[in-house]
Amino acid sequence: MDQPSLPIFPLGTVLFPHGLMPLHIFEERYRRMLRDTSHNDPAFVVALAARNEPDITRLEPETIGTACRVSGISPRPDGRSDIAVTGTTRVRIGVDAIDWSNGYAVAPVEVLNDLQEGPEEVARRYATIRARFHRYLHALERLIGERLPALEPSRIPEKGSWVIAETLTLHTWERQLLLEQPTIDARLEVLEWFLKREHALLVQTGMIGSPIDFPGRNLTMN
């Protein structure tokens, strides 16, 4: 990433690295942001909006977000656009240095590399998580009575953990908690706990979790 600063798009949801997210761009300031950045890689940062922000015109982001590239754009005749973005890397946002002069937020960002403290323990725990995830998928197939599309997470913990996290129906703030973990070791520990919970919920009650937690009374979608 060459840019020391990037536009920040505060939303009521969390984008993971390697994740794909559809977005509908309709506010004029974000149409302008898209025109300014769509050809850059990364283009901007998707960040969860801080809870209960009083000023909806200047939603403050959480400090950890995900830089993304624009994977596709479908413009509409009235100037709105449907786009798809792909998460690239986690970044720390300089929330104390946000510039609103363009109408949308621009802030300095720091790339957060995937660190690990114990490679052997990471490999062991991730192998356990992958096996548990396959049991979760099989339980889900039994519940709905049909086969799911084949999903085989990468054997590389750094990437596969995000694929598994994306598949689980976690609350918004649980997704943010995963995104904020400082090391792969810590991320896998939290992910394993969520996976155990979701598997138990599925097997014992025949239900899956709720994917959305109310992000804030004043939050707008765009």
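Contact here means heavy atoms within 4.5 Å. The legends below describe close-up views of a predicted model.

**View A. Helix α2 and the helices it packs against.** Helix α2 covers residues 119-144, 26 residues in total. From its first C-alpha to its last the helix reaches 37 Å, close to the 38 Å expected at 1.5 Å a residue. Its buried residues include the aromatic side chains Tyr 126, Phe 133 and Tyr 136. Val 122, Ile 129, Leu 137, Ala 139 and Leu 140 are also among the buried residues of α2, as are Arg 130, Arg 132 and Glu 141. The buried residues of the helix pack against α3 (157-167) and α5 (184-205). Just after α2, Gly 145 has a positive phi of about 75°.

**View B. Strand β2 and its pairing with β5.** In a regular strand the side chains alternate between the two faces of the sheet. Strand β2 (residues 20-25) shows such alternation. Met 21, Leu 23 and Ile 25 point to one face and are buried, while Leu 20, Pro 22 and His 24 point to the other and are not buried. Strands β2 and β5 (residues 81-93) run antiparallel and are joined by 6 bridges. Opposite His 24 stands Asp 82 of β5.

**View C. The ring cluster of Phe 9, Tyr 30 and Phe 44.** The structure holds 5 aromatic pairs. One of them is formed by Phe 9 and Phe 44, edge-to-face, at 5.8 Å centre to centre with 70° between the planes. This pair links distant parts of the chain, with Phe 9 in strand β1 (residues 5-11) and Phe 44 in strand β3 (residues 44-48), 35 residues apart. Phe 9 counts as buried because its relative accessibility is 1%, and Phe 44 counts as buried because its value is 0%. Ring pairs link Phe 9 and Phe 44 with Tyr 30 into a cluster.

**View D. The aromatic pair of Trp 193 and Phe 194.** The two rings are edge-to-face, with 5.8 Å centre to centre and 70° between the planes. Trp 193 has 53% relative accessibility and therefore counts as exposed. Phe 194, at 3% relative accessibility, counts as buried.

**View E. Arg 175 over the ring of Phe 16.** The charged end of Arg 175 lies 4.3 Å from the centre of the Phe 16 ring and sits over that ring.

Conventions. Residues are numbered from 1 along each chain as its sequence is written. This is a predicted model: local features need pLDDT of at least 70, side-chain atom pairs count only at pLDDT 80 or more; totals for chains, interfaces and linings use all residues. Side-chain values use heavy atoms; hydrogens and water are left out. Rings of Phe, Tyr and Trp (its six-membered ring) pair if their centres lie within 6.5 Å; planes under 30 degrees apart count as stacked, over 60 as edge-to-face and the rest as tilted. Helices (H or I, at least four residues) and strands (E, at least two) are DSSP runs, numbered from the N terminus. Buried means under 20% relative accessible area, exposed over 50%, partly exposed in between (1.4 Å probe, protein chains only). A charge sits over a ring if NZ of Lys or CZ of Arg is within 6 Å of the ring centre and within 35 degrees of the ring normal. The expected span of a helix is 1.5 Å times one less than its number of residues. Two strands pair if DSSP finds at least two bridges between them.
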